[in-house]
Amino acid sequence: MDTSIPMLLPSSSIPRPPSHPHLEWTPKRYLSDPQPPPMDDARVLEQEMAAARQLQDGKAVKKTRPRRTVDFNAGMGRWNILRKHRPNSTYVPSMRPAPPFVIDLLPPIAYPGNSSTSLCTKFIHTSTNKIRCPVNVVTWTPEGRRVLTGSTSGEFTLWNGLTFNFETILQAHDSAVRAFQFTHSGSFLASADQNGIIKYFQPNMNNLTAWAGHREAIRGLSFSPDDRRFATASDDSTIRIWSFEESREESVLTGHGWDVKCVEWHPSKGLLVSGSKDNQIKFWDPRTGAVLSTLHQHKNTIQGLAWSPNGNLVASASRDQTVRVFDIRAMKEFRILRGHKKEVCSVTWHPVHPILVSGGSEGAVLHWDLGGPEPTNMQSVTQPRATLSQAHDSNIWSMAFHPMGHLFVTASNDHTTRFWSRERPGDATSVFSGGGEKPPEIIDMSGQDDEDDAMVPGFSYGGTNKWWGKDEDTAVGLGDNSYTQRAPFSGDDPMGSDDFIPGFGTSDNLGGGAGPSAVAPKQSGPLPGQEEMWTADSRGESRGEDWGNRRGGWTGRGRGYNPNGARRGRY
């Protein structure tokens with residue numbers, strides 16, 4: 001007896017399994033990575049003639065290699081075109097997992113709901129000064145074309161943000177540079193050092209004025225939203241508020257019981273936050289100088305603070321190996337981030353996405369994604385989104401994102417400045433999944449050992465920048481004090497090498513010398529030559545000795561050199 005149920009539907013409507021399996025897309029063309037274009041014959045001939053001239057002069061032939069440009073514009077041009085022609089306001093083209101599709105990688109602002117496009121975990125470049133010393137602070141110039149670092153030797157070093165090579169160096173302070181910050185308008189730079197000296201600089205590094213602000217080392221400096229005032233934090237346990245135009249002290253904030261290690265002004269309000277060696281985080285009213293609130297969650301020194309771009313959250317880095325995020329709207333702890341094996345030295349926010357990055361004394365860089373759901377009771381601690389466990393060999397004192405958020409730079413006690421970018425589609429050399437491999441030991445000091453005068457093409461930056469949407473008031477009462485510039489390393493002229501970038505300089509300076517419009521810095525007497533300053537071989541190779549133990553120290557007016565008084569590290 002047939003017990004099957006009769007089928008009442010027509011046979012064409014009965015679903016059938018597919019006759020062919022699901023096909024997954026795999027690339028069949030352009031399987032190799034994009035290669036640089038071949039050099040033209042005229043360029044090759046020019047290099048051969050330059051090498052022949054160097055041989056005739058008895059000089060060693062410098063081996064040149066092309067520099068790569070890594071994600072400089074972040075696809076901003078393609079993003080602007082897409083915004084005009086896309087079918088709707090949320091359309092973003094999807095990328096395939098293959099290297100050629102890197103041209104479709106848009107800037108982080110194009111992916112408002114995808115924080116993974118802001119994880120800068122791909123190692124790009126290591127930059128090191130010829131005179132090796134710890135790098136304490138780092139920042140991007142407001143237009144995002146260059147990176148400025150301040151070191152323990154008191155020097156400002158300028159690195160190109162396009163090809164990450166050396167541009168110029170300046171002896172800005174007599175002691176270690178501890179803090180600096182550009183005004184929001186980008187028209188001025190304020191810096192502070194180990195001796196408590198505060199200095200103003202123009203974007204072309206012309207020193208405007210200098211004065212003693214604190215009796216002891218200044219550890220933090222932060223501008224108000226309108227750039228009219230700035231606050232400094234010092235080891236004398238005080239916070240001072242200064243009038244920028246008048247270089248005058250307005251008020252002194254006392255309340256911390258020990259060294260104040262950091263201070264940050266709210267991005268849009270009259271509110272200060274400071275962290276101290278007394279384990280406390282204090283919020284201040286800069287108008288009255290009163291303490292608004294005090295947080296006691298940390299168990300050790302607070303070494304870094306950072307406001308979120310919207311100003312609702314403040315992150316703190318402490319020696320108790322934790323990073324804590326506080327919501328000032330409720331004045332309570334929002335997240336506690338545990339993942340560092342040693343003390344946490346620095347912390348910074350991504351300019352677009354809710355990504356927090358922290359650097360530790362073990363050399364690790366951890367990316368935290370705070371845009372997801374809050375951790376449950378079973379998982380009370382947020383896990384890092386990405387980990388670079390061997391980003392540096394020592395303490396990471398400072399970190400900074402590019403204003404567009406696609407590049408990341410770290411400064412460390414291991415004497416290096418390292419650049420990081422976003423991962424590429426289909427990149428087989430990614431270190432993201434492996435927990436962060438140690439970057440290769442390639443130290444680039446090219447451009448620091450030639451024999452021409454230093455010249456930075458197009459370094460002068462106009463004061464009409466609207467990046468923050470505010471104009472800078474003209475500074476009044478700034479003195480014309482001269483400053484002392486460090487003797488340039490031999491061969492700092494990038495225009496005479498392959499590292500010159502067309503379009504960044506003016507035609508007046510193509511001869512290698514300073515044109516009529518260039519700023520001629522004042523010098524306090526003759527400076528000794530490179531051979532008299534440092535005892536080293538003439539091959540221009542990397543020097544491995546510590547900066548505080550070099551011989552042949554010299555003293556000029558307003559600065560001295562003490563071979564026995566230098567300390568390694570920041571504290």
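**Reading two open sheets and a buried asparagine**

In this predicted model, strands 22, 23, 24 and 25, taken in that order, make up an open sheet of four strands with antiparallel pairing.

Biologist: Which strands stand at the edges of this sheet?

Modeller: In general, strands of a sheet pair through backbone hydrogen bonds, in either a parallel or an antiparallel sense. Here strand 22 (344-349) and strand 25 (386-388) each have a single partner strand, so one side of each is left without a neighbour in the sheet. From one strand to the next, the twist averages 15°.

Biologist: Over how many bridges do strand 24 and strand 25 pair?

Modeller: Strand 24 (residues 365-369) is joined to strand 25 over three bridges, in the antiparallel sense. Within strand 25, leucine 388 is the bridge partner of valine 365.

Biologist: What is the strand order in the sheet that contains strand 10?

Modeller: The order is 10-11-12-13, an open sheet of four strands with antiparallel pairing. Strand 10 (218-223) and strand 13 (248-254) are the edge strands, and each pairs on one side only. The twist averages 20° from one strand to the next. Six bridges link strand 12 (residues 238-243) with strand 13 in the antiparallel sense; for isoleucine 239, the bridge partner in strand 13 is leucine 253.

Biologist: Is asparagine 136 buried or exposed?

Modeller: A residue counts as buried when its relative accessible area is under 20%. Asparagine 136 has 0% relative accessibility and is therefore buried. This asparagine 136 belongs to strand 2 (residues 135-140). A polar atom of the side chain of asparagine 136 lies 3.0 Å from the backbone oxygen of valine 177.

Technical notes
Residues are numbered from 1 along each chain as its sequence is written. This is a predicted model: local features need pLDDT of at least 70, side-chain atom pairs count only at pLDDT 80 or more; totals for chains, interfaces and linings use all residues. Side-chain values use heavy atoms; hydrogens and water are left out. Two strands pair if DSSP finds at least two bridges between them. Helices (H or I, at least four residues) and strands (E, at least two) are DSSP runs, numbered from the N terminus. Axes are lines fitted to C-alpha atoms, for helices over the stretch in contact, and angles run from 0 to 180 degrees between N-to-C directions. Buried means under 20% relative accessible area, exposed over 50%, partly exposed in between (1.4 Å probe, protein chains only). A polar contact is a pair of N or O atoms within 3.5 Å; within protein, one must be able to donate a hydrogen and the other to accept it, and residues adjacent in sequence count only if both atoms are side-chain atoms.
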